[in-house]
Amino acid sequence: MTAHAAIHVGLKQLGIEGDDKRDLYRRVTGEATLTDMSPKQQRAVVDELRRLGFKPALKGARKQLQGRFAKKLQALWIAGWNLGIVRNRDDEALIAFVKRQTGIDHVRFLHYPEDARKAIDALKSWLAREAGVDWSLGNHLADWQRQPGFKVAVAQWQMLDAALALPRPGVFTAYLREAHGFRSFEAMTARDWQKAMNALGVLVRTLPGKAG
């Protein structure tokens, strides 16, 4: 994969776009667009994206985790990474965590809800305790406010607010609308919230004491 292609993949994976993308370019190279960069500068941008959490796909790389509860567990694990408390976002670390909680060697061997619940509840409790995620937030409100991604993104925003590191002054919903073009929150999907969490995670992981 060329550096140019890797940059596009990395930006998409991390949810960086618009002004945030151009700010990253300028910070690393002094240029605002890829076309103005030398090959060396483009490689420097790839290195910075890797530092921020970009994981390029490699030939022979392990396939996505399989199992009845794998998707749920992976989503919570990546949420922990975006909240700056998970130090290793790789699947091996998640598998080790699940084994500690359940005694079961691999996510794909979680066949029963009661076993999976031990790992899921442990993850949710960790995110609540260490990162302030309020899992009850919005349960009595609109559908989009009941989505787990919304609750994680709110915790990220509060963390940045407390550290005086907000990406833009203003309220949470206004930032998402202006930075990412999410004009109808009622229509936001789980994938949209993952995109927002990834973008905010880049900022959270720059805070002192956070995984990065």
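**Order of elements.** I followed the chain of this predicted model from one end of the sequence to the other and wrote down the pattern α-α-α-α-α-α-α-α-α. My tally of the secondary structure is therefore nine helices and zero strands, since a run of residues is listed as a helix or a strand according to its DSSP assignment.

**Confidence.** Next I looked up how sure the predictor is, and I noted a mean pLDDT of 84 for the protein, with 88% of the residues reaching 70 or more. Among the elements, helix 6 (residues 113-131) has the highest mean pLDDT, at 95, while helix 8 (residues 172-180) has the lowest, at 70.

**Burial, surface and contacts.** I then turned to the protein as a whole, where 45% of the 212 residues count as buried. The accessible surface comes to about 11500 Å², and I noted that carbon and sulfur atoms hold 51% of it. Of the contacts with a separation of 6 or more, 59% are between residues 24 or more positions apart.

**One residue.** Finally I picked out histidine 106, which I found in the loop between helix 5 (91-102) and helix 6. Is histidine 106 buried or exposed? Its relative accessible area is 14%, and because the cut-off for buried is under 20%, I entered histidine 106 as buried. When I left aside the neighbours within four places in sequence, I found histidine 106 in contact with Leu65 and Ile95. I also recorded a polar contact of 3.0 Å between the side chains of histidine 106 and arginine 108.

Terms used:
Residues numbered from 1 in each chain as written. Predicted model: local features only at pLDDT ≥ 70, side-chain atom pairs only at ≥ 80, totals over all residues. Heavy atoms only, no water. Helix = DSSP H or I, 4+ residues; strand = E, 2+ residues; numbered from the N terminus. Buried < 20%, exposed > 50% of the residue type's maximum accessible area, 1.4 Å probe, protein only. Contact = heavy atoms within 4.5 Å. Areas by Shrake-Rupley, 256 points an atom, 1.4 Å probe, with all protein chains shown as cover. pLDDT = per-residue confidence, 0-100. Polar contact = N/O pair within 3.5 Å; in protein donor to acceptor, adjacent residues only side chain to side chain.
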